[in-house]
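User: Could you take a close look at one part of this model for me? I'd like to hear about the nonpolar patch on the surface, and then how the rest of the chain fits around that picture.

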Amino acid sequence: MTNGTALGRFSEITWLIDNWWLILLRGIAAILFGVLTFLWPSLSLLSIVLLWGAFAFVDGILAIATAFMTKQPGGGSRWWMGLVGLLGVAAGLLTFFAPAVTAFGLLLYFSAWLIAMGLLQIIGAIRLRKAIDNEWMLALSGLASVILGALLIGYPLTGLLSVAWMIGIFALIVGIFYIGLSLRLRKVKDAAA
């Protein structure tokens with residue numbers, strides 16, 4: 001289902017295919033964040049909060065850019081990617097304006113963001129399945145978000161170091177899925193050209 005005719009029928013998805021590199025940047029940012037959490041495991045709570053806030057903000061900006069960069073008039077339906085971006089920007093800004101948040105508050109806040117982002121990405125994957133194969137990469141990144149969010153809510157008293165490592169593992173996994181999805185989107189774009 002990757003020929004030009006199939007893509008023409010699903011023009012609302014072509015904005016994502018045309019801007020595959022923004023998904024690649026999100027993957028690289030997530031992997032960089034994941035690696036930093038392992039390189040500096042003894043970061044103070046404030047440092048972890050600010051590092052996570054910077055990641056959420058940058059990821060949100062890139063998601064918003066992905067939602068609004070399009071060569072087509074009207075641009076199709078991109079609401080789910082825009083909401084992912086708005087959630088990330090809001091999470092980042094709130095973190096910068098309230099850096100003294102407690103670990104428990106950060107866990108609940110981070111968990112809610114993960115679950116909301118994951119559900120929106122699963123919705124996006126369902127929409128993408130009509131236009132490309134292997135949309136499961138986006139669905140799996142969404143599922144990983146929902147699972148981590150639920151685990152953090154279920155075990156809020158986990159030590160800060162293990163939470164940082166869980167977040168680092170999550171960022172690495174999601175980054176790999178984003179990079180895989182971006183390469184798949186680029187392949188679809190090249191095949192349709």
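Analyst: The patch is made up of W136, L140, L143, I147, L151 and Y155, and together these side chains form a nonpolar stretch of surface with about 580 Å² of accessible area. Keep in mind that this is a predicted model.

Let's pick out two members. I147 sits in helix 7, which covers residues 136-154. Its relative accessibility is 45%, so I147 counts as partly exposed; the band for that label runs between 20% and 50%. L140 has its place in helix 7 too. With 33% relative accessibility, L140 is also classed as partly exposed. Getting into the patch takes over 30% relative accessible area, and L140 has 33%.

L140 also gives you a handle on what lies across from this helix. Its C-alpha atom is 9.4 Å from that of I173, although the two residues are 33 apart along the chain. I173 falls within the numbering of helix 8, residues 160-192.

Helix 8 brings us to the charged pairs. Side chains of opposite charge can pair when their charged atoms come close. The structure has 2 salt bridges. One of them joins R186 and D190, with 3.8 Å from N to O. These two are 4 residues apart in helix 8, so about one helical turn separates them. R186 is partly exposed, because its relative accessibility is 36%.

The other pair is D59 with R26, where the closest N and O atoms are 2.8 Å apart. This one ties together distant parts of the chain: D59 belongs to helix 4 (residues 45-68) and R26 to helix 3 (residues 20-39), with their positions 33 residues apart. Both D59 and R26 are buried.

Now zoom out to the whole fold. You're looking at 8 helices and 0 strands, so to speak an α-α-α-α-α-α-α-α pattern when read along the sequence. Of the 193 residues in the chain, 44% count as buried. Among contacts with a separation of 6 or more, 82% come from residues 24 or more positions apart. As for the outside, the chain exposes about 8900 Å², and carbon and sulfur atoms supply 76% of that. The patch you asked about, with its about 580 Å² of accessible area, is on that surface.

Conventions
Residues numbered from 1 in each chain as written. Predicted model: local features only at pLDDT ≥ 70, side-chain atom pairs only at ≥ 80, totals over all residues. Heavy atoms only, no water. Patch = residues over 30% accessible without salt bridge, like charges linked within 9 Å, V, L, I, M, F, W, Y side chains within 5 Å. Areas by Shrake-Rupley, 256 points an atom, 1.4 Å probe, with all protein chains shown as cover. Salt bridge = Lys/Arg side-chain N within 4 Å of Asp/Glu carboxyl O. Buried < 20%, exposed > 50% of the residue type's maximum accessible area, 1.4 Å probe, protein only. Contact = heavy atoms within 4.5 Å.
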